Amino acid sequence: MPSYETKLQRAGISRRTAVMGMSAGIATLAMPRLGRAADDTIRIGFPTPLTGPFAAEARDQVKCAELAVKLVNDKGGIAGRKVELLVRDDKLNAGEAATRTLELIEKDKVHAIVGALSSAVQLAVNEVTRARGVIYVSISQSDTINEVKDFSKYTFHEALNPHMTTAAVARQTIKKGMKVAHLAADYAYGHEMLRGFKRAQAAIGAESVGEILHPFGAADYSTFMPRLMSLRPDVLCISNFGRDQANAIKQAVDFGIKQQMKIVVPVILHNQRLAVGPDVFEGVVGGANYYWGLETQNKTAAEFNKAYRAANGGAIPTDYGAYGYSGVGSLLQAMQAAGGTDTDKVVAALEGLQYDLTKGPQHYRKCDHQSVQSVLVLESKKKSAMANDNDLFAIVASDPGADEMLRSCGELGHAT
C-alpha cells in the first residue's frame with residue numbers, strides 16, 4: 001500500500017499543506033482536478049479573513065474587488081462572459097484557507113484565486129493553487145512568496161513586499177548613526193518586516209540596539225514598553241498589523257514613548273488610524289500602497305476614487321482595499337488580453353501586462369511575478385492640520401516603481 005507521503009506526492013500536495021488543511025480530509029486533498037463547469041461565467045475565488053483582527057481591512061478588500069468586477073461586467077464582461085466574485089471567509093487561519101481554496105477550485109470551479117490577508121495564510125493558499133495549476137494573485141505583503149521554494153508559474157504577488165516597504169520608510173526616517181529598536185509580532189509578517197528594517201538600517205549605517213517579539217493578537221504591551229524605553233533608541237520600529245498596530249501605538253503613547261523617540265511602522269493602516277484617532281497616531285510615519293489623497297496629483301487615483309465613491313455612497317477607498325481592486329483588476333485585464341480563461345494564456349498575459357489601476361504604472365517582474373510599483377511614505381497628521389475627517393495623512397514621499405527596489409532574482413533563488 002502506498003505510504004501517506006507517497007499519496008500526497010501523487011496528489012501534488014506537500015505535507016505542510018495537508019496538515020494545515022486536514023479538516024478538508026485526505027480524500028479531498030488527493031482528489032484529481034475536475035473540469036470547469038459548463039456555463040460561461042468567469043468565477044474568481046476570493047478568500048479573505050472576514051472575521052478576526054484583520055476583518056476591517058478584509059471588508060475593504062471585498063468592496064474594492066467587487067468594484068473591479070462590476071466595472072468589467074458593466075462593459076460587457078470578458079469576451080462576452082460575465083464575471084462573478086466568490087468570497088469566502090478564511091478566518092485568518094491557514095488550514096481554513098486551504099480548505100476554502102480547495103472548495104473554490106473543486107466545487108465552485110473557479111478560474112483563478114485572488115486574496116488572503118496574512119503572510120502565513122497566503123502561503124497555504126499558494127500551496128493549493130500551485131498544486132492544482134490554478135492562477136493565484138496574492139494581495140498580502142510577503143517576501144517569502146516570491147522566493148523559489150514557494151513560487152510557481154501560477155503565483156503572482158500584487159501587493160508590496162516587506163523589502164520594498166521597509167526600505168522606503170527607512171530612507172525617510174532613519175539616518176546614519178541613529179539607534180533603532182524594534183517591536184515586532186512573532187509570526188511571518190513581523191519577522192519579515194523586522195528583517196527588512198534591519199537590512200535597510202544596516203545599509204544606512206544605523207545601529208540596532210534591541211528587538212522584542214510580541215505574541216500575535218496581544219492586548220497588553222505594558223511589559224514591553226519599559227524595556228524599549230531603557231534601550232534609548234532614536235527610532236522605534238513597530239512591525240505588526242491590524243488591531244495589534246493600534247493597540248501597540250496607543251500603549252506606546254500612554255507610556256510617553258513619543259516624547260523620547262520617533263515611532264515608525266512598515267505599513268501605516270488607514271483603518272487603525274481611524275480606530276484610535278489623530279492624537280495617538282500624530283507624527284507616526286509608515287509605508288502604504290495607496291492613499292486616497294493621491295487624487296490631487298494622480299489622474300488614475302482620482303478615477304479610482306470617483307468610481308469607489310459612486311458605488312459606496314461617497315466613501316473613500318482604503319489602502320488595503322486598493323489591493324483588492326488592483327489584484328482582481330490586473331487579473332481581469334490579463335484575461336481580457338488572453339481572450340478568455342485559458343490558464344497558460346492568462347499567465348503569459350499577466351507576465352506581459354502593463355497596468356495602471358490606482359496610482360500609476362505597474363507590471364509583474366518576469367522571474368518572480370512581483371508587481372513592480374510605487375511605495376508611498378505617509379505621516380499621520382495632527383488634528384488641527386486635518387482639512388476633514390478623511391484627511392488622515394501627509395504624503396512624505398513616493399518612491400517610483402523600479403526593478404532596482406526589489407531583491408534580485410538571483411537572491412530569491414531564480415535563474416538569472
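Start at the largest pocket of this predicted model, which holds about 390 Å³ of space. To find its middle, select L71, K75, Y325, Q333 and L357, the closest to the centre among the 17 residues that line the pocket. Color the lining by class and nine nonpolar, five polar and three charged residues appear.

Which helices should be shown around the pocket, each supplying at least two residues of the lining? Select α4 (55-74), α13 (299-311) and α14 (319-338). Of the lining, α14 gives the largest share, with five residues.

Stay on α14 and add helix α15, residues 343-351. The two axes come within 8 Å of each other and cross at roughly 115°. The crossing of α14 and α15 is right-handed. On the α14 side, select S330, L331, A334, M335, A337 and A338; on the α15 side, select K345, V346, A349 and L350. These residues make the contact, and by class they are eight nonpolar, one polar and one charged.

Next, move to helix α5 (residues 94-106) and helix α6 (residues 119-132). A pair of packed helices is described by the angle between the axes and the distance between them. Here the angle is about 30° and the axes lie 8 Å apart. With an angle under 35 degrees counting as roughly parallel, α5 and α6 are therefore roughly parallel to each other. The crossing of α5 past α6 is right-handed.

To see where they meet, show the side chains of A94, A97, A98, T101, L102, I105 and E106 in α5. Then add their counterparts in α6: A120, V121, A124, V125, V128, T129 and R132. The residues of this contact divide into 10 nonpolar, two polar and two charged.

For the last stop, select helix α7 (residues 162-173) together with helix α8 (residues 188-204). How do their axes lie, and at what angle do they cross? The axes come within 8 Å and the crossing is at roughly 45°, which makes α7 oblique to α8. This crossing, of α7 and α8, is right-handed.

The α7 side of the contact consists of P162, H163, T166, A167, V169, A170 and R171. Facing them from α8, select E192, M193, G196, F197, R199, A200 and I204. Colored by class, the contact of α7 with α8 shows eight nonpolar, three polar and three charged residues.

To end the tour, go back to the pocket and keep α14 selected: this helix supplies five residues of the pocket lining and also packs against α15, in a contact that includes A334 and M335 of α14.

Technical notes: Residues are numbered from 1 along each chain as its sequence is written. This is a predicted model: local features need pLDDT of at least 70, side-chain atom pairs count only at pLDDT 80 or more; totals for chains, interfaces and linings use all residues. Side-chain values use heavy atoms; hydrogens and water are left out. Axes are lines fitted to C-alpha atoms, for helices over the stretch in contact, and angles run from 0 to 180 degrees between N-to-C directions. Helices (H or I, at least four residues) and strands (E, at least two) are DSSP runs, numbered from the N terminus. Angles under 35 degrees count as roughly parallel, over 145 as roughly antiparallel, 65 to 115 as roughly perpendicular and the rest as oblique. A crossing is left-handed if the near helix is turned anticlockwise from the far one by less than a right angle, and right-handed if clockwise. Contact means heavy atoms within 4.5 Å. Ala, Val, Leu, Ile, Met, Phe, Trp, Tyr, Cys and Pro count as nonpolar, Asp, Glu, Lys and Arg as charged, and the others, Gly among them, as polar. On a 1 Å grid over the protein atoms alone, a cavity is a set of points where a 1.4 Å probe fits but cannot get out, and a pocket is an open set with protein on both sides within 12 Å along at least five of seven lines; lining residues have an atom within 4 Å of a point. Grid points are joined across faces, edges and corners, and a volume is the space filled by probe spheres set on the points.
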